[in-house]
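Biologist: Could you take one part of this model and describe it closely, strand by strand and helix by helix? I would like to follow the sheet and whatever packs against it.

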Amino acid sequence: MAVKKIGELLVESGLISPEQLEEALKESQAGKGLRVGAIIAKKGYASEVDIAQTLSFQLNIPFVDISSATVDPEAIKLVSEKLAKKYLLVPLYLERKVLKVAMTDPLNLNAIDDIRFSTGMEVRPCVATLSDVTGAISRYYHLNEPIEELIGDLKKDKHVEVIHEPDANRDISEQVRKSAAPPIIKMVDSIIIHGADNRASDIHIEPQERGVKLRIRVDGLMRETMQLPKWVQGPVTSRIKLMAKMDIAERRVSQDGRIKVRLGDKSLDIRVSTLPTQYGETVVMRILDPKAELHDLAGVGLLKEDLERVKDLIERPQGVVLVTGPTGSGKTSTLYAMIGHIKKEEINIITIEDPIEYELKDVNQVAVNEKTGLTFSYTLRSVLRQDPDVILVGEMRDAETAIIAHQASLTGHLVFSTLHTNDAISSVIRLKNMGIPSYMIASALNGIVAQRLIRTICPNCKEEYSPGTEEIRRSGVKWTGKKLYRGAGCPSCNGTGYSGRTGVFEVLPVNARVRSLISSDAPEHEIISAALEAGMIRLHLDGLKKVAAGVTTLDELTRVIYLSKSEEEKDGVCASCMKPVPAGAEACPHCGRFMKKNCESCGKTREPDWIACPYCGMRFE
């Protein structure tokens with residue numbers, strides 16, 4: 001088969017007739033500089049795709065669509081532009097010592113021999129169309145100018161050094177070769193630097209029909225950075241996959257990887273996830289700083305009374321303390337702050353995490369690995385044989401882990417963990433649904449902390465304002481006679497009016513009455529009543545206190561915490577002292593202001609600013 005020509009194979013397959021081949025050969029020999037395949041396509045006897053796919057079938061060589069393929073910039077550097085133009089080919093990627101090459105003529109043995117000789121690699125050809133190959137040559141061998149223009153707004157004055165894990169089999173020459181910084185590598189480095197400099201928790205690279213969108217998540221909200229042209233999608237994705245040691249040839253399934261990089265004197269841990277979508281692979285990079293300075297317990301946003309309750313929960317010698325909330329609500333940071341508060345030389349603390357997000361000094365941290373069987377439950381059993389005093393379980397994902405954790409607390413250990421629930425009370429219901437007996441929950445549980453993260457007002461552009469009618473309606477509370485605060489927007493907060501985040505909390509201490517209700521499977525509303533009597537402040541009320549204190553805004557609070565209709569009807573804020581008023585209160589418990597909503601004489605709905613009822617004329621005190 002190898003001695004046959006392309007034209008002969010196309011005739012054998014029935015794609016063109018012998019007469020058409022003869023005509024194309026004559027035109028080619030006439031010295032017009034076109035190859036036979038190009039002439040056949042030009043004359044309309046067959047399309048470029050038909051020719052390439054026919055060759056692929058006849059030769060049993062894979063066909064590749066370069067426009068959607070992953071092209072490795074490192075592979076491009078192996079083959080010179082002169083060689084690529086001479087034989088009309090494009091190197092795709094390197095797999096061990098095998099170089100995958102897209103060729104218009106996979107039967108050209110001279111081309112394969114020349115590449116093998118110049119690279120020292122085995123060559124595995126693929127079939128591609130002529131226009132795809134010529135377009136790819138001009139694109140990938142001339143990236144400097146357009147790339148520099150594209151990343152003009154991003155910082156390029158720093159260098160991103162990839163920290164490789166120790167590998168005895170790694171070739172030194174390979175490290176030297178990869179140390180160069182071609183344009184695509186500069187672009188990926190600039191994207192990472194931009195994310196780190198803007199305090200982004202995640203970087204999103206999202207392919208679209210005609211371009212690639214670059215977005216970052218800052219303070220919990222997505223922010224669009226720029227639109228990149230479609231042609232950078234393949235090289236950028238390939239570069240990130242290489243850095244994360246992922247399979248760059250696999251684009252049909254999702255993959256996970258990890259990159260350790262150094263930006264100046266700062267080391268970052270980047271978790272990479274790829275997902276095949278309609279227009280290509282979307283890439284999400286989560287940025288973690290293992291050596292970041294963690295908040296102490298007083299700095300996470302707890303009110304004074306809640307701070308004292310939390311300290312009481314975590315300073316006990318045994319029991320279970322749960323931190324609940326949705327993904328990205330700051331549960332891990334709160335757990336680390338709790339560990340930092342109780343940490344001392346006399347106790348042995350072991351954490352089980354997935355992954356280890358921050359390094360804790362003098363704490364033994366274990367990363368679970370589901371692929372190797374190192375699950376939460378398996379690791380927790382092993383940890384119990386390590387003589388721990390305090391155990392942090394990153395998440396109670398299954399019944400087995402939850403039961404072992406509760407049993408460990410009953411045998412004298414202090415256990416911290418997280419659950420994904422909306423509030424503190426629903427965590428009890430979730431534990432019961434996981435199959436943990438009620439008596440065990442009641443006996444083991446010290447308390448539950450539910451939380452959310454809200455953005456704080458930028459201190460540089462903070463200003464007073466009066467909330468509008470729509471804002472008051474959406475918040476479900478009445479703010480009359482007092483000013484609130486918001487950020488006007490300035491360069492330091494990128495015009496958002498917010499800078500940084502703090503927590504909104506709901507602390508449920510499990511006292512004797514709550515314990516009794518849990519063990520007797522009492523309804524949820526009875527447990528809530530008992531918790532409120534014990535001093536628990538609901539999430540939205542804690543948030544309202546922070547709004548009144550000028551920490552955040554009503555808009556931000558309603559964005560993060562949903563206020564149900566019943567809460568909107570019952571709860572409010574005192575217009576005199578700007579403190580939240582509990583449901584059903586007739587007077588403000590803080591300043592004594594009258595809070596009744598109806599006229600005592602005629603029963604009509606009463607507005608807070610009325611001096612007398614307009615319906616019956618009754619004068620209010």
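Modeller: In this predicted model, a good place to start is helix α12, residues 233–243, which lies across β4, β5, β6, β7, β8, β9 and β10 and runs at about 45° to β10. Those seven strands form an open sheet whose order is β4-β8-β9-β10-β5-β6-β7, and their pairing is antiparallel. At the edges are β4 (160–162) and β7 (221–229), each of which pairs on one side only, while from one strand to the next the twist averages 25°. Within the sheet, strand β5 (residues 202–207) and strand β10 (residues 280–288) are joined in the antiparallel sense over 4 bridges, and here Ile203 stands opposite Met285 in β10. Helix α11, residues 183–197, also packs on the sheet, where it touches β4, β5, β6 (211–218), β7, β8 (255–263), β9 (266–277) and β10, and its direction makes about 45° with that of β10.

For a packing of helix on helix, one can turn to α1 (residues 6–13) and α4 (residues 48–59), whose axes are 10 Å apart and meet at an angle of about 85°. Because angles of 65 to 115 degrees count as roughly perpendicular, α1 and α4 are therefore described as roughly perpendicular to each other. On the α1 side the contact is made by Ile6, Leu9, Leu10, Glu12 and Ser13, and on the α4 side by Ile51, Thr54, Leu55, Gln58 and Leu59; by type, the residues of this contact divide into 6 nonpolar, 3 polar and 1 charged.

Notes:
Residues numbered from 1 in each chain as written. Predicted model: local features only at pLDDT ≥ 70, side-chain atom pairs only at ≥ 80, totals over all residues. Heavy atoms only, no water. Axes fitted to C-alpha atoms, helices over the stretch in contact; angles between N-to-C directions. Helix = DSSP H or I, 4+ residues; strand = E, 2+ residues; numbered from the N terminus. Parallel < 35°, antiparallel > 145°, perpendicular 65-115°, else oblique. Contact = heavy atoms within 4.5 Å. Nonpolar A, V, L, I, M, F, W, Y, C, P; charged D, E, K, R; others polar. Pairing = 2+ DSSP bridges.
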